[in-house]
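Thanks for coming. I will go through the side-chain contacts in this one, starting with the charged pairs and then moving to the rings. Please have a look at it first.

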Amino acid sequence: MEKITEKLLLEKASPKANKLEQIMTLNLSKMRLKLQDLPVKLLSRLQSLEKLDLSGNMLQEFPKNLELPALRFLDLSDNQIEDVTTLDSLSNVEELRMDGNLYITVSDTYKLMVLLPNLRIYNGKDVSTYANHLRYVYSDNLRTRIAALWENSFCLPDPITAEKIDALESKFVSTASYQVKFGPNSVSDFTRWRVGILAKEYLLSLTEPKKEVDSVETTGTHKTSQPPITPSRGERRSERPKRSFQEQQTSEDDAQKKRKESLGKKDSRRDADMLQTVEIRSDTQPVHLKPLHVLQCHSKQDSLEDFSTQLWACAFQPLPDSAGNAGGSRLVATCGGDSICLIDCEMGMVMKKYKVPGEEFFSLAWTTVLMSRGGNASAQHCSILAAGGKRGIVKLIHPRNNVAYGEFRASRKALSVLRFNHQQGNFLFTGSYDNKILMWDIGGVDSQYNFKVVQLLVLEIGTTPLHICLPPTAPSAHLLTACEDGLHCYNTQLGANNTSKRSKEMEITFPIYKKEDKDHDYHTVDGLSFLNDDIVASKNYLYGCIYLWSWSRTKVQRPDKKSKAVRAVVLAELQWTNTQIPYLALNTCPGQAYMVCGDDKGKIWTYHIPNLQKNSFHTGKPILPTEVLEWPTPVKNGHGKVEGPSINSVAMDPELCYLVALSDKNMVIVWKREESP
């Protein structure tokens, strides 16, 4: 056995490196290493290490407190591992091999799935769905039983002293580990271990004050609305259930007065809230876009005469790198009618098309998940497309292999919106016409396309959710949803609440609400997207401007106890069009500091916003568009020119090389960026 030295580590590195801090892959297999042979101080310098092979050694455990923040793959197969809890410092490991360790039990495997929060592939198999079940659903069941034990048999000492708390903790944890039973006997060791940890956390939550900003409303009444109506093919979504202005006037007068009074009191605080200058992406420049292609690819029975099928959603395919980070591509997915198309924007060609007779697709979303390949091959990241519509069924597609590999029912009503968590790619949110948003774990896939779906959360919504946004820096903590009755925020942090059903944490209100009367209800929010990590763009139906507001400064406010309302900290308004047509969605390109939105005449309003100047909102003058792209006026064979349609959806790739718009006349329009001379 060779001694582990800096020289040896550099020799075993692949590719070769000059410093330990630069090593990305390290093979220390079959060296007859024991625990005492691994110098923690030296190995801790491997801050860029992504792949570590320690297979075929004599290790009984992994070195304690060895932190390798970049490590994604670890091979400990064919060792003598007995204790897995020392692996808890490897929080970013996604793939682990432990086969060939004779002393590893099922309980040890379960412990690993909880200790390693990002573990997805175990011994070559995708375990992400089951791991998340243990981390959240199983753990929440244990928390419920632990809380019940406390309520029935324990209480805090009076007065509270450190000595008394230590004694109480010892007794409570011991009692809970013995009395709390759940799951099969074969994993009782895991259950006792997990109960011990959760019991300590529960006692700590009782003795340390909670932060109000993390609280979640879990009870209370909900607004009711008209019964949901699923739009049939060819109808505009304006025929979906909306707030009836005339009929609701009497019942809403009091609520409007209270909202106006509440907002009026807060107006005086605005001057103190304003920033000097908000930097977004000052290193970007305006772009010039020219029309490149117009496609008619969602026709009924592929008819060239179909100019009525409505197209609803589009999104560019992400290109995952080896770490799962997504870049951009020129392939865009579009949906409408009974089909989903994948279009090459440069060539203007439909590369792949999926049809489901009788379906009408309303939404789609891309994600990146791990695909296990079996044997000793490491898992690879792959792009998956999810789509749903009036049937309430989510279709899962792997376009690269041209496989529609699965489906699951997300609702008995139509699906209005889909959204993946961009940091946890297997977490999917589905919004539906039964006024709910559900959170699912779709797991990964194996080489045979086996997969498993688990429902994790139910968010109770007052009306149909139209859009879902997750804060870029904390997508697992909060969810924003634009609905028929306003913009609402939910706490979606798993394990932070012992219920799988949650009601809104706050409603975000806007200045235009003060102008509501019997003929104007501005509460429908039909556009929502983040312009950067903090600034949100949102659009209120019937209002001819688009708001830009600060998420961080809005969420720290204390919600009204009864209405849960907080005032949006508005930074600016963007001038848009005056229209009576709802559901014309906006979108953003954060990397290029762009926001775009179509109108009801086929035009695309584009805004380049590298920064926001001081008091831009208080000047009363909205920001003008950088450019309004005119409808290209294609010619319909034998019928002359096609007049400007309503633009239902827009999308841009991350570099803004292409802009794609979908119309209500079965046309996909592609614009391309012109390079400056």
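Is D344 buried or exposed? D344 counts as buried, at 7% relative accessibility. Keep in mind that this is a predicted model, and everything I say comes from that model.

D344 has a charged partner. R330 forms a salt bridge with D344, and the closest N and O atoms are 3.0 Å apart. R330 is in the loop between β11 (326-327) and β12 (331-336), while D344 is in strand β13 (residues 339-344), so the bridge ties together parts that are 14 residues apart in sequence. R330 counts as partly exposed at 36% relative accessibility. That puts a partly exposed arginine against a buried aspartate.

The next pair is K355 with D338, whose side chains meet in a salt bridge at 3.2 Å, N to O. K355 belongs to strand β14 (residues 349-355) and D338 to the loop between β12 and β13, so this pair ties together parts 17 residues apart in sequence. K355 is partly exposed, with a relative accessible area of 40%, whereas D338 counts as buried at 13%.

Now K539 and D526. Their side chains meet in a salt bridge at 2.9 Å, N to O. K539 sits in strand β30 (residues 535-540) and D526 in strand β29 (residues 525-530), so parts that are 13 residues apart in sequence are tied together. Which side of the cut-off are these two on? Buried means under 20% relative accessible area. K539 is at 1%, so K539 counts as buried, and D526, also at 1%, counts as buried.

There is also a network: salt bridges that share partners join E6, E21 and R45. How many salt bridges does a search of the whole structure find? The search finds 13.

On to the rings. The count comes to 20 aromatic pairs. One of them is Y136 with F427, an edge-to-face pair at 6.2 Å centre to centre, with 65° between the planes. Y136 lies in helix α4 (residues 128-153) and F427 in strand β20 (residues 427-432), so that contact ties together parts that are 291 residues apart in sequence. Y136 and F427 are both buried.

F190 and W193 form a tilted pair, 6.0 Å centre to centre and 40° between the planes. They are three residues apart in helix α6 (residues 188-207), and so about one helical turn separates them. F190 is buried at a relative accessible area of 0%. W193, at 19%, also counts as buried.

There is a ring cluster as well, in which ring pairs link F510, Y513, Y522, Y543, Y547 and W549.

Two lysines sit over rings. K51 lies over the face of F73, at 4.8 Å from the ring centre. The charged end of K181 sits over the ring of Y178, 5.6 Å from its centre.

For the cysteines, how many disulfides are there? The count comes to zero disulfides. Among the cysteines, C469 counts as buried at 4% relative accessibility, and C545 counts as buried at 10%.

Last, the annotation. An unreviewed UniProt entry carries "repeat: WD" over residues 408-442. In the model, that span is 0% helix and 57% strand, and its end C-alpha atoms lie 10 Å apart. F427, from the pair with Y136, is in strand β20 (residues 427-432).

Note on methods
Residues are numbered from 1 along each chain as its sequence is written. This is a predicted model: local features need pLDDT of at least 70, side-chain atom pairs count only at pLDDT 80 or more; totals for chains, interfaces and linings use all residues. Side-chain values use heavy atoms; hydrogens and water are left out. Rings of Phe, Tyr and Trp (its six-membered ring) pair if their centres lie within 6.5 Å; planes under 30 degrees apart count as stacked, over 60 as edge-to-face and the rest as tilted. Helices (H or I, at least four residues) and strands (E, at least two) are DSSP runs, numbered from the N terminus. Buried means under 20% relative accessible area, exposed over 50%, partly exposed in between (1.4 Å probe, protein chains only). A charge sits over a ring if NZ of Lys or CZ of Arg is within 6 Å of the ring centre and within 35 degrees of the ring normal. UniProt positions are given in the numbering used here, feature names are shortened, and annotations may be inferred rather than shown by experiment. A disulfide is a pair of cysteine sulfur atoms within 2.5 Å. A salt bridge is a side-chain nitrogen of Lys or Arg within 4 Å of a carboxyl oxygen of Asp or Glu.
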